Amino acid sequence: MINVLFAGCGRISDLHARGYRDNKRARIYGLYDPDQEKAEKKAALWGAEKVFSSYFEALSDPAIDLVEILTPHNLHCTMAGEAARAGKHISLQKPMALTMEEADQIIEAVGKAGVNFRVYENFVYYPPYVKALELIKSGAIGEPLSFNLRVRCGYSPGAWDIPLEAWQWRFNPESGGGCPIMFDHNYHNFSLAIYLLGKVEKVVAWTEETEIIEGSGMTVDVPASVMWKYEQGKAIGMMDVVMAPELLIDSCHYADESRLEITGSSGIIFVNRCTGRLQNRPPLEIYSRGITTAYENIDCSWESSFVLATEDFIDALTEGGKPRLSALDAKNALQLSLAVKQSAASGVTVFLSADKLGE
Ligand SMILES: NC(=O)c1ccc[n+]([C@@H]2O[C@H](COP(=O)([O-])OP(=O)(O)OC[C@H]3O[C@@H](n4cnc5c(N)ncnc54)[C@H](O)[C@@H]3O)[C@@H](O)[C@H]2O)c1
């Protein structure tokens with residue numbers, strides 16, 4: 001039985017907990033959050049044995065095998081380094097860090113400690129996306145030519161209640177990295193773009209500012225439009241992100257939704273839903289040679305991507321092998337997110353090869 005520490009008991013910890021609920025190989029053993037009341041409440045809910053009063057106290061407990069770091073982005077590098085030095089395996093929420101230098105520090109620390117490490121990026125476990133990759137690899141749409149993603153942020157009466165403190169750190173560039181939509185949420189989509197069609201050569205982004213609550217001064221970096229070119233072949237990528245405050249989205253998590261179209265030389269894959277639902281369409285469809293095939297019964301609950309992501313790392317820890325995304329994959333996704341930020345600020349095309357990033 002793998003004993004897990006949750007470091008950070010905020011909003012996303014609820015979905016991480018789903019991965020351990022019926023797990024026969026791992027359990028939530030302990031929790032740490034500076035908000036001790038929150039940690040106590042969640043420990044009672046999830047049946048965790050211990051609530052620690054400091055991160056160091058938790059890391060010095062020899063019973064803990066794996067640390068799930070579920071804290072604001074600016075704490076990731078330090079907390080991952082400390083967990084590695086304490087000899088714990090690490091699952092670290094995305095984005096792995098705020099800068100490439102921090103990402104390298106984490107990779108060095110886990111390498112030195114010889115612990116298992118992965119960045120928790122659930123989108124690449126979402127079953128319709130996994131099926132899309134399988135179809136691309138099987139040649140079902142021919143040579144991939146474009147990745148086209150539309151992201152819509154709306155409202156949803158059933159959506160999660162996100163407490164103000166979970167927004168505040170995201171709007172502070174020192175803790176959230178700046179660009180709350182493109183760098184924070186869209187990290188997932190950049191990671192997905194690489195996962196499905198490979199590494200990116202260059203990117204250009206355009207973003208506007210929108211105040212989320214009138215007079216609050218809290219702005220998000222939308223509407224936004226991003227274009228990129230993949231390293232291999234002729235494929236290009238596009239993404240547009242808008243905030244449509246009166247757009248009703250059926251969701252029990254975040255009130256946003258995305259639709260993906262991947263066009264190949266002989267067909268098109270449509271992934272019609274992700275975190276929420278807009279239209280009553282099959283989760284996945286493929287059009288090829290005049291025929292549309294719908295995958296009606298594919299599991300499309302967003303929670304499943306969390307459960308499957310947890311299972312994958314537990315497999316790696318108990319059976320050997322590697323999780324789906326390596327540290328390098330996570331670094332590539334971080335690099336693309338940073339390049340998008342850089343292009344949005346400067347208005348120029350950013351090349352991702354290491355020597356050109358930052359020009
Ligand atoms: N995979 C996804 O879809 C997804 C969704 C949301 C958030 N996330 C990621 O999860 C992380 C947390 O996001 P959230 O939405 O849960 O934020 P949140 O604000 O709801 O929770 C963060 C928690 O960390 C705690 N914390 C602060 N300092 C700490 C410390 N030093 N040690 C331990 N705990 C500390 C806070 O008290 C809070 O409870 C972020 O990196 C975010 O990018 C991922």
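**Note on the sheet and two surface patches**

1. In strand β4, Glu68 is the bridge partner of Phe6. The model discussed here is a predicted one. The pairing to which this contact belongs is that of β1, residues 2-7, with β4, residues 66-69. These two strands run parallel and are joined by four bridges.

2. The wider setting is an open sheet of six strands. Its order reads β3-β2-β1-β4-β5-β6, and the pairing is parallel. The edge positions are taken by β3 (50-51) and β6 (117-120). Each of these has a single partner strand, so one side of β3 and one side of β6 have no neighbour in the sheet.

3. On the surface, Ile212, Ile213 and Met243 make a nonpolar patch of about 240 Å². Of these residues, Ile213 may be placed more precisely: the loop between β9 (210-211) and β10 (219-220) contains Ile213. The relative accessibility of Ile213 is 52%. Ile213 is therefore classed as exposed, since the cut-off for that class is over 50% relative accessible area.

4. A patch of negative charge is also present on the surface, where Asp35, Glu37, Glu40 and Glu165 gather. One of them, Glu37, belongs to helix α2, which spans residues 36-46. With a relative accessible area of 58%, Glu37 is exposed; the relevant cut-off is again over 50%.

Note on methods. Residues numbered from 1 in each chain as written. Predicted model: local features only at pLDDT ≥ 70, side-chain atom pairs only at ≥ 80, totals over all residues. Heavy atoms only, no water. Pairing = 2+ DSSP bridges. Patch = residues over 30% accessible without salt bridge, like charges linked within 9 Å, V, L, I, M, F, W, Y side chains within 5 Å. Areas by Shrake-Rupley, 256 points an atom, 1.4 Å probe, with all protein chains shown as cover. Salt bridge = Lys/Arg side-chain N within 4 Å of Asp/Glu carboxyl O. Buried < 20%, exposed > 50% of the residue type's maximum accessible area, 1.4 Å probe, protein only. Lys, Arg positive; Asp, Glu negative; His and termini not counted. Charge placed at Lys NZ, Arg CZ, Asp CG, Glu CD.
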